[in-house]
Amino acid sequence: MRVLLVVWPAVAHLFPVVPLAWALRGAGHEVVVVSQGGLAGAVGSVGLTSVVLGEGVMGQARGATRPVPVGVGEELDGLEGVLGLGAGVGAGPVRGAGVGAGAGVGVGVGEGELWGMFRTFVLPAVWDFHPPDGGVGGVPPGIDDLVSFARYWGPDLVVWDPCFPSAAVAARVVGAAHARLLWGLDYWGWVTDRVNAAGGGVVNPLARVVGPLADRYGVGLDDELLLGQWTIDPVPAAMRLRTSVTGVPVRWTPFTGAGVLPSWLRRPGDRPRVALSLGTSVREFFRDGEKFIAAVLAGVADLDVEVVATLDRSQTEGITVPDNVRTVDYIPLTQLLPTCSAVIHHGGMGTFGAAAALRVPQLITDADLRIGVRHDDGTEAFFHAKHMDAGPTSGYVLSRGAGLVLDPVGDLPGELGRRVGRVLEEPAFREGAGRIHDELLATPSPADIVPLLERLSARHRSRG
């Protein structure tokens, strides 16, 4: 079987794909990763074949730093009102049913917050390479490349990032089966279900970006084109949102890069080690600001611990780094976390998943991050928002007794230090981390689901 993996160009989106890609390769299938050129080096570094789309003309991923297209903001305001999804709506937890693996509870996330994350983070990432109504210049650069390569290579299965829906169009053009691979909550399915429930006259924002591509290549526009024939979902069952999609649960298997194991990490420390990570996505797309990082470092300064902070020079410039903090530009969490007694992080799904898989208690920061929106005329505006995964991950960690939440901006350093000390000293948090780990093990691994993917692909292929 030939499998085409289409990835939105950021390592935070590539890393969740790698364990499944290796499982497919290990089962004897051909695997190729398609993305914008900026990701080619990272794809090659994990031993996978890369195909570059729109060389030299496709542009860069900007995500939430991309301005809202003209007129779209007003449309989203209207849709928000019709669906009753304003910021203050649904302050309580969202209850859901985990697809394919039984019921679950999405903890700590209100419906208004879910809509806000979809609007603030998800849609701009989709617009990066799929502008509404096709954009001013017609078909976005690189999409023709994707369809052309699919026609040339003839994949049996296309597995695509939900922020790159043109992959579904390419799959339908060549008669391949296709499925989404999530890297977080299924905001796309959740919004689509609500739009469908509202009835006629309500336009799905996803249809606005996929519709022009469907017309260009002569395929029908339907929910399957927006959401895949099925969805591979690595989110723990208790965190999933209730949607109508057909789901294939898979265990979150952490991959956080590879490299030489440092000599200092090969020796046991003389005091507890705590990891501090803000993730690759924060470094790439957010402006952290001195206040946020300085507050976290001040909170651990007086603790009798060794802190390893994965912060580069740009993130610590102008900040006093305490003597008990070692900063490193980057180290794979799968190397660092096995040596740690706790991890402090921003709530990103990748960091959460690595800690969960390695039974490490977690302290998740509950604070706004600064985001700069860059306009085409060179001007820049700023807004603040929490990381899109922080609510779901912190709610789940708290519900299992596997950690605590930190407010680096609102809490005094002494309170931050007290909470870190509790997680290090109280055995209950290690036990809670074990509960999360056990729940992960109850979900099939990437290798376990390969036979199911083979059967689904054979059933959904429309050619031959």
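R461 is partly exposed, with a relative accessible area of 30%, where partly exposed denotes values between the limits for buried (under 20% relative accessible area) and exposed (over 50%), determined with a 1.4 Å probe and protein chains only. Its partner is D156, which counts as buried at 15% relative accessibility. The two residues form a salt bridge whose closest N and O atoms are 3.8 Å apart; the term covers a side-chain nitrogen of Lys or Arg within 4 Å of a carboxyl oxygen of Asp or Glu. D156 sits in the loop between α6 (143–153) and β6 (157–160), and R461 in the segment after α19 (446–460), so this pair ties together parts that are 305 residues apart in sequence. Helices (H or I, at least four residues) and strands (E, at least two) are DSSP runs numbered from the N terminus.

The model is a predicted one, in which local features need pLDDT of at least 70 and side-chain atom pairs count only at pLDDT 80 or more, while totals for chains, interfaces and linings use all residues. Residues are numbered from 1 along each chain as its sequence is written, and side-chain values use heavy atoms, with hydrogens and water left out.

Turning to the chain as a whole, the secondary structure comes to 19 helices and 17 strands. Of the 464 residues, 57% count as buried. The accessible surface is about 18,000 Å², and 51% of it belongs to carbon and sulfur atoms; these areas come from the Shrake-Rupley method with a 1.4 Å probe, and for residues only the protein chains shown count as cover. Among contacts (heavy atoms within 4.5 Å) between residues at least 6 apart in sequence, 70% join residues at least 24 apart.

A search of the whole structure finds 18 salt bridges. One of them joins the side chains of E306 and R326, at 3.8 Å from N to O. This pair links distant parts of the chain, with E306 in strand β11 (residues 306–310) and R326 in strand β12 (residues 325–327), 20 residues apart. E306 counts as buried at 13% relative accessibility, whereas R326 is partly exposed at 33%. D233 and R240 also meet through their side chains, at 3.6 Å from N to O, and both of these residues are buried. D77, E80 and R119 are linked in a network of salt bridges.

In soluble globular proteins, nonpolar side chains tend to be buried together. Here, the largest nonpolar core (buried Ala, Val, Leu, Ile, Met, Phe, Trp, Tyr and Cys residues joined through side-chain atoms within 4.5 Å) has 84 residues, of which L4, V6, V34, L146, F164, Y187 and W188 touch the most other members. Helix α5 (residues 111–127) supplies the largest share of this core, ten residues. Leaving aside residues up to four places away in sequence, F164 touches V6, V7, W8, L53, M58, F129, H130, I143 and L146.

Helix α6 offers a closer view of such packing. Its buried residues are I143, L146, V147, F149, A150 and W153. They cover an arc of only 160 degrees around the axis, which puts them on the same side of α6; the arc is that of the directions from the helix axis to the C-beta atoms. These buried residues pack against β1 (2–6), β2 (30–36), β3 (49–53), α7 (166–174) and α9 (205–217). On the other side of α6, R151 and Y152 are exposed. The helix is followed by G154, whose phi is positive, near 65 degrees.
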